[in-house]
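Q: I would like to learn how to read a strand and a core in a model like this one. Could we go through it together?

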Amino acid sequence: MNNVLELKGKRFVQAAKNVNGGGPSMNSKETVTSEKINQLMSKLCQIREFWLHEKRPFSGVIVSVYYNKIVAKSNRVAGIFKGKDSNYAIVGAKFNAEKTKHIITYFLSVEDLENSIQQLKIANQVLTHTFGEGITKKVFEDNEQFDKINFENYPLSKSMFKQIVADVSYIDTFEVEKKNRQYKESIITLYDIGMDTQKLFQEIGIDILANRILDNRTVYLDDNQSRVLFEKAPYLVAMATENLLDLTSEDFIDDYQEDMMHIPSPSIEPTIGVIDTLFDTRVYFSEWVDYQDMVDDIIPKSPSDYRHGTAVSSIIVDGPKLNPWLDDGCGRFQVRHFGVAVGAQFSSFSIIKKIKRIIADNQDIKVWNISLGSNQEINDNFISAEAAVLDQIQYENDVIFVVAGTNKPNPNIEKIGSPADSLNSLVVNAVTKSGLSPKYARKGLALSFFAKPDVSYYGGSEEQYIQVCEPLGATYLAGTSFAAPWIARKLSYLIDVLGLNREVAKAMIIDAARGWNETPTPEEVALYGHGVVPIKIDDIVQTSDDEIKFVVTDVSEKWNTYNYHFPIPIKDNAYPYFARATMCYFPICDRAQGVDYTNTELNLHFGRIKDDGKLNEINEDKQNQEDDSAGVRRYILEGEARERFRKWDNVKYISEKIKSRKVPKKTYTNKNWGMEIKTNNRLDPQDGVGLRFGVVVTIKEMFGVNRIDEFIRNCNLNGWLVNIIDVQNRVDIHEKVNEEIEFE
């Protein structure tokens with residue numbers, strides 16, 4: 001077996017994007033006619049009348065644009081509304097019922113709306129006078145026709161006219177959306193209208209306490225407050241979720257064994273944070289758990305409130321001793337356990353506030369396990385409030401959450417529940433001992449697109465239950481709650497013992513689960529994520545003799561973050577390899593943006609360096625390419641980019657297929673391989689600055705030859721510092737660093 005290599009010492013180079021202007025682009029499947037513009041004008045006039053007669057406590061108007069496709073940032077309105085600044089007016093985004101079109105909501109001033117109507121009116125005059133039958137994409141790109149128009153006769157420039165025509169080609173209609181009331185007690189998120197939330201509610205006639213406000217847009221309303229809001233201002237509601245989390249049911253066997261085993265005292269083992277129900281300090285491993293009860297003393301507590309949390313912590317501390325068939329080689333872990341809930345149901349709003357405080361007060365812990373979840377299904381159009389808080393915490397802090405994929409409360413519930421829709425977290429679904437989905441497992445995806453769960457692991461079933469320790473002794477359980485802690489153990493081992501950062505550690509877990517597998521079907525991703533994680537930690541930090549696996553990490557500062565110094569060994573002037581790479585990063589997210597939740601896109605490119613300096617990529621990704629030698633820009637449609645290349649997903653996996661016909665790849669003048677990380681931002685260009693990424697690359701020799709020594713030598717000659725991730729060596733270092741020194 002070969003150890004995984006960590007390459008350091010040669011920083012990635014940062015390069016800004018070569019901006020050529022480009023100009024607007026029209027939808028090739030549409031013809032912009034006078035009739036179409038008149039229809040849109042009529043709609044905006046109706047919306048203007050609605051807002052003129054609507055008594056509201058804020059200035060401005062809320063308008064939703066129904067696009068005719070899933071649109072890229074560059075194809076959203078940039079002529080009407082606020083012109084080029086229209087993206088900054090976006091306050092929400094979702095898909096239509098078929099998940100084929102965008103519905104994007106904007107907050108505008110009344111003047112913006114009036115100006116848009118006038119611009120459409122003038123544009124219609126130009127179109128009617130000069131393009132009687134309408135404008136197709138072919139006509140749109142014919143500069144000679146536009147140069148013949150004397151725009152001095154119109155209060156509209158040529159560039160603005162073309163931009164408005166392009167806008168119209170992507171729009172179906174406009175609407176003012178009004179949400180229907182769903183829950184009595186609700187966590188409500190309002191559209192950002194630039195007004196203090198407490199003052200806004202006072203104007204509506206709702207008296208709300210400051211401690212009911214999570215941020216300036218998300219609030220907890222009781223039954224009466226919710227009713228008033230939906231009666232008086234339903235158009236303000238961006239999203240609403242029930243204020244209840246549930247301890248999702250698990251399969252179990254009530255067969256307690258009181259004769260528990262002995263356990264030594266803890267020493268330098270890493271600490272994993274657990275946020276769960278209460279912990280019983282009488283269990284045999286209690287010395288390993290630092291327990292903090294965060295439930296108010298006035299709330300009654302029953303013995304059953306201690307079962308789930310105690311069971312979860314028992315796996316983290318002593319899972320391999322309880323379940324020898326799942327001995328991962330990671331040893332034992334200490335736990336800092338925070339009891340935040342009792343009973344079968346609890347306030348998710350309360351849990352959110354407690355989690356924020358817990359993380360802020362325990363910055364020394366890097367890996368956190370959350371096996372609590374909702375019985376309610378996630379929404380296709382927005383991330384849950386609980387998941388959004390976890391994502392924000394992980395963007396702002398160097399931590400990672402491992403979240404259980406939630407269990408089915410009944411056969412009618414299929415989709416995962418919050419917070420298993422957290423994008424930055426590592427979400428774990430369960431499989432049986434045979435690696436199949438159990439009857440209690442629920443399905444992703446999140447926001448109809450993002451691969452949640454991320455991975456799967458053994459959570460128990462009738463075939464083989466998971467043994468845990470509860471207050472009454474050892475028992476056998478099954479559920480996603482008992483799959484997640486095993487992954488938390490592996491992550492903590494990679495981060496706290498082997499010294500890897502969370503980006504690389506997450507990428508290594510996902511890469512190990514995915515392997516060389518063919519592209520899974522959407523159904524398989526929804527159930528298993530990227531696959532089942534190997535049991536042994538050695539199978540994550542080591543690879544077969546015919547493979548070279550290395551990890552790199554850096555930060556993105558500009559559009560192109562690149563490194564062209566990967567010296568893949570050559571045999572007979574060719575590369576006899578298949579290649580794959582997995583990348584993870586933790587972007588800033590904006591729940592108010594709905595389905596366009598992640599603000600930053602990092603796109604991974606890896607392959608040989610061609611003679612023109614461009615990469616011959618292992619997955620033939622043509623995104624983010626500058627003009628070719630003929631000055632032609634190669635475009636990929638937004639829908640295709642999301643489906644084929646996981647655009648906007650914070651996990652990237654690119655791979656060649658392992659083929660029976662083994663044909664080594666040709667070499668170019670530059671004998672190195674290159675890696676590029678292309679950065680795009682939806683809103684603020686600064687969102688992606690300083691964003692760390694971790695990449696795991698695997699090179700498989702076609703004919704089974706071990707070339708790792710040659711690769712290490714090549715790397716040293718190219719200026720890389722090569723750290724071999726040798727488990728025993730890293731464990732020895734960990735022990736040395738953490739040993740207590742007594743001074744005489």
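A: Gladly! Keep in mind that this is a predicted model. Let us begin with strand E32, where Trp 673, Met 675, Ile 677, Thr 679 and Asn 681 point one way, while Gly 674, Glu 676, Lys 678 and Asn 680 point the other way. Residues of both sets are buried.

Q: Why is E32 described as largely enclosed by the rest of the structure?

A: The idea is to check each residue against the cut-off for buried, under 20% relative accessible area. In E32 (residues 673-681), nine of the nine residues are buried, so the strand is largely enclosed by the rest of the structure.

Q: Which strands pair with E32, and in which sense?

A: For pairing, look at the bridges between strands. Strand E28 (residues 600-609) pairs with E32 in the antiparallel sense over nine bridges, and Met 675 is the bridge partner of Phe 606. Strand E25 (residues 560-566) is also antiparallel to E32, with five bridges; there, Tyr 562 stands opposite Glu 676.

Q: Now the core: which residues touch the most other members of the largest nonpolar core?

A: A core can be read through its best-connected members. The largest nonpolar core has 78 residues, and those touching the most other members include Phe 58, Tyr 106 and Phe 161. Helix H2 (residues 110-130) gives the most to this core, with seven residues.

Q: What does Phe 161 touch?

A: Leaving out residues up to four places away in sequence, Phe 161 has contacts including Ala 123, Val 126, Leu 127 and Phe 146. Apart from this core lies another, of 75 residues, with Val 283, Ala 404, Tyr 493 and Val 651 among them.

Technical notes
Residues are numbered from 1 along each chain as its sequence is written. This is a predicted model: local features need pLDDT of at least 70, side-chain atom pairs count only at pLDDT 80 or more; totals for chains, interfaces and linings use all residues. Side-chain values use heavy atoms; hydrogens and water are left out. A nonpolar core is a set of buried Ala, Val, Leu, Ile, Met, Phe, Trp, Tyr and Cys residues joined through side-chain atoms within 4.5 Å. Buried means under 20% relative accessible area, exposed over 50%, partly exposed in between (1.4 Å probe, protein chains only). Helices (H or I, at least four residues) and strands (E, at least two) are DSSP runs, numbered from the N terminus. Contact means heavy atoms within 4.5 Å. Two strands pair if DSSP finds at least two bridges between them.
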